[in-house]
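Subject: Structure for your review

Dear colleague,

Please find below the structure that I am handing over to you. My findings follow it, and I would ask you to read them with the model open.

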Amino acid sequence: MTGRVMIVTPNLDVGGAQETVVNLARQFPSQGWPAIVLSFEDGPLREDLEHAGIDVELLQPRRHSVTALPAFLAEMSRYRSMLRHVIDDRAITTVITQGLGTLDFLFLTLGGTSTQLWWTIQNARFMVRAEHVPNAPWLLKPKRQ
């Protein structure tokens, strides 16, 4: 066995990035890489993953936006600890993310690990739109950059 891979996605709804997660998760075990999928939100694709024998780990949904900075930072600190625990507990050697969301950036803060991080970005130009940040339009430009 070469290692264990964790594929990260914001949710398990039906969509292009999520279908990529399902397809990757199904292929890795046949190549000697057991897979786990990590997400903030449950959805209809969880059943497909579990039916294929893929473990799914769900984190509690986010409650705080970056605009509520103190609460957001405390929440991110908790998520960071949870991510470290999952990586250590499951002996994850490779993490593949699906986008440019909170979880993706949190993995960058987990220094001191030999776990490889791979980012998969789809539709990056359209990923962040004004309706995604209605209460903080100033975030649109930094998020796009």
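A residue is called buried when its relative accessible area is under 20%, exposed when that area is over 50%, and partly exposed in between. Please also bear in mind that this is a predicted model.

Let me begin with E50, which has a relative accessible area of 42% and is therefore partly exposed. The side chain of E50 forms a salt bridge with R46, and the closest N and O atoms of the two are 2.9 Å apart. Both residues belong to helix α2, where they are 4 residues apart, about one turn of the helix. R46 is partly exposed because its relative accessible area is 23%.

Helix α2 (residues 45-51) is also part of a right-handed β-α-β unit, together with β2 and β3. How do the two strands β2 and β3 pair? Strand β2 (residues 35-41) and strand β3 (residues 55-58) run in the parallel sense and pair over 4 bridges. In this pairing, L38 stands opposite E57 of β3.

E57 deserves a second look, since a salt bridge joins E57 to R90, with 2.9 Å between the closest N and O atoms. R90 lies in the loop between α3 and β4 (94-98), whereas E57 is in strand β3, so this pair ties together parts that are 33 residues apart in sequence. With relative accessible areas of 23% for R90 and 22% for E57, both fall in the partly exposed class. There is a wider network of salt bridges here as well, and R4, D55, E57 and R90 are linked in it.

How many salt bridges does a search of the whole structure find? The search finds 6. One more of them is in helix α3, where the side chains of R84 and D88 meet at 3.7 Å, N to O. R84 and D88 are separated by about one helical turn, because they are 4 residues apart in helix α3. R84 has a relative accessibility of 22% and so counts as partly exposed. D88, by contrast, reaches 51% and so counts as exposed.

I turn next to the aromatic residues. Searching the whole structure gives 1 aromatic pair. The pair consists of F40 and Y79, whose ring centres are 5.0 Å apart and whose planes stand at 75 degrees, so the arrangement is edge-to-face. Distant parts of the chain are linked by this pair: F40 is in strand β2 and Y79 in helix α3 (residues 69-89), 39 residues apart. Are these two residues buried or exposed? F40 is buried, because its relative accessible area is 10%. Y79 has a relative accessibility of 2% and therefore counts as buried too.

Finally, please examine the surface. F105, L108, L117 and W119 make a nonpolar surface patch of about 360 Å². Two elements, α4 (102-108) and β5 (116-120), each supply at least two residues of this patch. W119 has its place in strand β5. Its relative accessible area is 31%, so W119 is partly exposed.

When you go through the model, I suggest following the order of this message.

Yours sincerely,
A colleague

Terms used: Residues are numbered from 1 along each chain as its sequence is written. This is a predicted model: local features need pLDDT of at least 70, side-chain atom pairs count only at pLDDT 80 or more; totals for chains, interfaces and linings use all residues. Side-chain values use heavy atoms; hydrogens and water are left out. Patches are made of residues with over 30% relative accessible area and no salt bridge: like charges are joined within 9 Å, nonpolar side chains (Val, Leu, Ile, Met, Phe, Trp, Tyr) within 5 Å. Accessible areas come from the Shrake-Rupley method with a 1.4 Å probe; for residues, only the protein chains shown count as cover. A salt bridge is a side-chain nitrogen of Lys or Arg within 4 Å of a carboxyl oxygen of Asp or Glu. Buried means under 20% relative accessible area, exposed over 50%, partly exposed in between (1.4 Å probe, protein chains only). Two strands pair if DSSP finds at least two bridges between them. A crossover is right-handed if, with the strands pointing away from the viewer, the path from the first strand over the helix to the second runs clockwise. Rings of Phe, Tyr and Trp (its six-membered ring) pair if their centres lie within 6.5 Å; planes under 30 degrees apart count as stacked, over 60 as edge-to-face and the rest as tilted.
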